[in-house]
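Colleague: I'd like a close look at one part of this model, the bit around a loop that caught my eye. Please walk me through it at an easy pace, then out to whatever surrounds it.

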Amino acid sequence: MHSAAARQNNISQRKLMKKARQKRVNRSLGGNIVLFSIVAVLGVFMAFPMIYTVGNSLKPLDELWRFPPTMFPRNPTYKNFVDIFVLLQSSWVPVTRYIFNTVFITAVGTFGHVIIASMCAYPLAKYRFPGSKIIFSVITLSLMFSTAVTSIPNYLIMVKLNWIDTYQALIVPAFGSSLGLFLMKQFMEQLPTALIEAAKIDGSSEWHLFWHIIMPNVKSAWLTLVVFSVQALWNTGANIFTYKEELKTLPYAISQIVSGGIARAGAGAAVTVILIIVPIVTFVITQRRIIETMASSGIKE
């Protein structure tokens, strides 16, 4: 009976959340126009850097150095993108190797970060054990330290593990990022405890409970974490853990190629567009779930 009541309660909560999202606020026509105008202005303002970056990538070299700068290219050209691939072909390592390294590190690092952060956050959020508050306090405190502060200790650890010039040196530190654990723990705390108790009464194991009940209910949270992780790993450039050229990433290779001075300024503008494509596409795909994360952040049991 308790299990059935808990399930019914969960279904009711989902229906209420769905109705809340679908509910339309009654406003006058004038109010709608004002609201739409404000949103449109803010949207254009936030899109300005993106539009300007894409416009620069299509400008010939003489327009890039024109003052005052123009928003859109007068004589658009794809030569900047062609120059990138021509320059990459002359590198020591095939460009496919740089692409593979970047995709592999981003995919494996993101997957491992989401899984490990979620598995660690679950007991911290739903169980009380000795030292749990201290552990979470240490995790929260670690968010205050920048990468520059922890670079030397991380390097010494990699040397002791003999992981210098290996993929592990780039991937494993991403698994332990404290931001993901903090985000997942805060979101899992909002899940109804009755839902977990009902699953245990039905005979669900902890492993089954985690994969089939917890993770589906925090999908919006770990999709948000995916966006953050992809953005961080995709833009990984020069790293103190890797010195072999065949282990370098695409951002590093491109940054070296376009550092040839003013003559390569056009290729540098095109590089910026290439590097932001993947994070933006990832966000566009997951934006609905990310908005749900923000909308449901105040819901309590």
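Modeller: Asparagine 162 sits in the loop that joins α7 to α8. Keep in mind as we go that this is a predicted model. Asparagine 162 counts as exposed, because its relative accessibility is 65% and the cut-off for exposed is over 50%. Its backbone deserves a glance too: phi of asparagine 162 is near 60°, a positive value in a residue that isn't glycine. For context, most residues other than glycine have a negative phi. Aspartate 165 also belongs to the loop between α7 and α8, and its phi, near 65°, is positive as well.

Now, what touches aspartate 165? One answer is phenylalanine 241, which contacts Asn154, Tyr155, Met158, Ile164, Asp165 and Ala169, once neighbours within four places in sequence are set aside. Phenylalanine 241 comes from another loop, the one between α12 and α13 (250–257). With 8% relative accessible area, phenylalanine 241 is buried, since buried means under 20%. If you want a pair to click on, try phenylalanine 241 and tyrosine 155: they are 86 residues apart along the chain, yet their C-alpha atoms are separated by 6.9 Å.

From the loop, step into α8, where you'll find valine 172. Valine 172 has a relative accessible area of 32%, so it counts as partly exposed. Its C-alpha is 9.3 Å from that of valine 108, a residue 64 places away along the chain.

That part of the model brings us to the largest pocket, which has a volume of about 1,100 Å³. It is lined by 38 residues, and the closest to its centre are Thr147, Asn154, Pro173, Ala174 and Ser177. You've met Asn154 already, as one of the contacts of phenylalanine 241. Which elements supply the lining, with two or more residues each? They are α5 (95–126), α6 (132–142), α7 (147–160), α8 (168–175), α9 (178–188) and α12 (219–234). The helices on either side of our loop, α7 and α8, are in that list, and α7 gives the most to the lining, seven residues. As for chemistry, the lining breaks down into 24 nonpolar and 14 polar residues, with no charged ones.

Let's follow α5 for a moment, as another of the helices that help line the pocket. Threonine 110 lies in α5 and counts as buried, because its relative accessibility is 7% and the limit for buried is under 20%. Leaving out neighbours within four places in sequence, threonine 110 contacts Ile105, Val226, Ser229, Val230 and Leu233. There's a long-range pair here too: threonine 110 and tryptophan 234 are 124 residues apart in sequence, with 9.9 Å between their C-alpha atoms.

Further along, α5 packs against helix α11 (residues 206–217). Two packed helices are described by the angle between their axes and the distance between the axes. Here the angle is about 110° and the axes are 12 Å apart, which means α5 runs roughly perpendicular to α11. From α5, the contact uses Ile115, Ser118, Met119 and Tyr122. From α11, it uses Glu206, Trp207, Leu209, Phe210, Trp211, Ile214 and Met215. By class, that contact has nine nonpolar residues, one polar and one charged.

Speaking of charged side chains, make a quick detour to lysine 59, in the loop between α2 (29–57) and α3 (61–64). Buried or exposed, you may ask of lysine 59? It is buried, at 1% relative accessible area. Not counting residues up to four places away in sequence, lysine 59 touches Tyr52, Leu64, Thr70, Met71, Phe72, Pro73, Thr77 and Asn80.

To put our loop back in the whole picture: the protein has 14 helices and zero strands. Of its 301 residues, 37% count as buried. Contacts between residues 24 or more positions apart make up 74% of those with a separation of 6 or more. If you go back to where we began, asparagine 162 is exposed, while phenylalanine 241, which touches Asp165, is buried.

Conventions. Residues are numbered from 1 along each chain as its sequence is written. This is a predicted model: local features need pLDDT of at least 70, side-chain atom pairs count only at pLDDT 80 or more; totals for chains, interfaces and linings use all residues. Side-chain values use heavy atoms; hydrogens and water are left out. On a 1 Å grid over the protein atoms alone, a cavity is a set of points where a 1.4 Å probe fits but cannot get out, and a pocket is an open set with protein on both sides within 12 Å along at least five of seven lines; lining residues have an atom within 4 Å of a point. Grid points are joined across faces, edges and corners, and a volume is the space filled by probe spheres set on the points. Helices (H or I, at least four residues) and strands (E, at least two) are DSSP runs, numbered from the N terminus. Ala, Val, Leu, Ile, Met, Phe, Trp, Tyr, Cys and Pro count as nonpolar, Asp, Glu, Lys and Arg as charged, and the others, Gly among them, as polar. Axes are lines fitted to C-alpha atoms, for helices over the stretch in contact, and angles run from 0 to 180 degrees between N-to-C directions. Angles under 35 degrees count as roughly parallel, over 145 as roughly antiparallel, 65 to 115 as roughly perpendicular and the rest as oblique. Contact means heavy atoms within 4.5 Å. Buried means under 20% relative accessible area, exposed over 50%, partly exposed in between (1.4 Å probe, protein chains only).
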